[in-house]
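Thanks for passing this one along. Here are my notes, set out as numbered points so you can follow them with the model open.

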Amino acid sequence: MNFGRIVTAMVTPFNQHGQLDVEATKDLVQHLMSNGTDALVVAGTTGESPTLSTEEKLLLFKTVVETVNGQIPVIAGTGSNNTQASIELTKQAEEIGVDAIMLVVPYYNKPSQEGMYAHFSTIANTTKLPVMLYNIPGRSVVNMSVETTLRLAQLPNIVSTKEASGDLDAIASIIEHAPEGFSIYSGDDSLALPVLAIGGTGVVSVASHIVGSEMQQMVRNYQAGQVTAAAMQHRQLLPIMKTLFIAPNPTAVKAALELKGIKVGQVRLPLVPLTAEQQAELQTVVQPTINFFVS
């Protein structure tokens with residue numbers, strides 16, 4: 001399945017009472033579709049999935065699917081460290097009409113490579129939906145090996161992986177040996193262009209909430225052979241990409257969206273809002289209008 005080049009890991013909007021804000025979710029989806037997003041990951045890490053109830057996730061999936069109305073793919077974050085719970089949520093997401101699911105490496109349990117394979121393959125075998133794997137050792141503690149990823153890539157509906165290990169050697173090896181049609185996405189905005197340069201597909205992005213169109217232009221320039229222009233745009237975008245991680249994600253990107261007049265509310269505990277100093281730093285980087293297009 002083609003998820004495009006810029007996949008946004010969407011934040012989850014909350015109202016002033018900390019409840020899921022359905023209307024703000026619809027507005028955010030429209031903003032993202034109008035500003036460079038090729039596909040959406042819903043209820044992933046950036047969507048504060050650990051703090052969402054199953055009921056909230058299902059309402060979020062339903063709201064996004066209805067708002068998108070088939071215009072771009074909707075990838076539901078149904079992965080967890082509980083295999084059976086992930087199977088049940090995946091089945092419910094499939095009934096709602098999502099286009100694919102994303103399954104994160106189980107966190108806290110610290111499974112072996114064989115345990116990871118059994119976890120992912122068991123879930124994949126219960127659904128007809130395309131599956132995107134998600135390797136993020138910084139959060140899950142364990143790292144899925146290249147060998148395990150490639151083994152899983154042989155399964156018919158495991159079609160993609162989001163690699164947030166930051167290991168370009170590992171990413172290159174997956175790209176080199178994966179089956180034809182298997183897509184590899186950077187899980188780090190700052191590695192979007194480097195991953196494209198070694199043959200990757202694109203990025204599952206946080207920064208695209210703010211600079212999605214600019215990131216699309218960078219990708220188009222690279223694909224058109226305008227490598228110098230793409231590299232310059234990458235360097236211009238880096239300050240925003242880095243500043244969006246001055247606090248645990250998605251704290252800063254939610255604050256940045258609010259600066260842009262897009263209402264998404266605050267983060268839920270145990271995350272806390274930016275400090276005054278962090279807010280000032282964010283504002284100096286995000287607020288100015290910057291021309292990222294290189295003539």
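1. Which residues of α2 are buried? They are Glu 56, Lys 57, Leu 58, Leu 60, Phe 61, Thr 63, Val 64, Val 65, Thr 67 and Val 68. Please keep in mind that this is a predicted model.

2. What do those buried residues of α2 pack against? Their partners are two helices and two strands by name: α1 (22–34) and α3 (83–96), along with β2 (39–42) and β3 (74–77).

3. The length of α2 checks out nicely. With 15 residues at 1.5 Å a residue, α2 should span 21 Å, and its end C-alpha atoms are indeed 21 Å apart, so the two values agree. After the helix comes Asn 69, which has a positive phi, near 55°.

4. Now for the core. The largest nonpolar core has 82 residues, and the members touching the most others are Met 10, Leu 40, Val 42 and Phe 61. Helix α2 (residues 54–68) is its greatest contributor, giving six residues. A separate second core of 16 residues has Val 41, Ile 75, Met 132 and Tyr 185 among its members.

5. Val 42 deserves a look of its own. Setting aside neighbours within four places in sequence, Val 42 contacts Leu 60, Phe 61 and Val 64, as well as Met 10, Val 74, Ile 75, Ala 76 and Gly 77. In general, nonpolar side chains tend to be buried together in soluble globular proteins.

6. As for the strands, eight of them form a closed barrel in the order β1-β2-β3-β4-β5-β6-β7-β8, with parallel pairing. From one strand to the next, the twist averages 25°. To take one pair, β7 (residues 183–186) and β8 (residues 202–205) are joined in the parallel sense over two bridges, and Ser 186 has Val 203 in β8 as its bridge partner.

7. Helix α4 (residues 113–124) is worth viewing against the barrel strands. This helix lies across β4 (100–104), β5 (131–135) and β6 (158–163), and runs at about 160° to β4.

8. Finally, have a look at α10 (residues 227–243). Its 17 residues reach 25 Å from first C-alpha to last, close to the 24 Å expected at 1.5 Å a residue. There is a kink of about 35° at Leu 237, shortly before the proline Pro 239. Leu 237 is also one of the buried residues of α10, which include Ala 229, His 234, Ile 240 and Met 241. The cover over these buried residues includes α8 (192–197), α9 (208–223), α11 (251–259) and α12 (276–286).

Terms used
Residues are numbered from 1 along each chain as its sequence is written. This is a predicted model: local features need pLDDT of at least 70, side-chain atom pairs count only at pLDDT 80 or more; totals for chains, interfaces and linings use all residues. Side-chain values use heavy atoms; hydrogens and water are left out. Two strands pair if DSSP finds at least two bridges between them. Helices (H or I, at least four residues) and strands (E, at least two) are DSSP runs, numbered from the N terminus. Axes are lines fitted to C-alpha atoms, for helices over the stretch in contact, and angles run from 0 to 180 degrees between N-to-C directions. Contact means heavy atoms within 4.5 Å. A nonpolar core is a set of buried Ala, Val, Leu, Ile, Met, Phe, Trp, Tyr and Cys residues joined through side-chain atoms within 4.5 Å. Buried means under 20% relative accessible area, exposed over 50%, partly exposed in between (1.4 Å probe, protein chains only). The expected span of a helix is 1.5 Å times one less than its number of residues. The bend at a residue is the angle between axes fitted to the seven residues ending there and the seven starting there.
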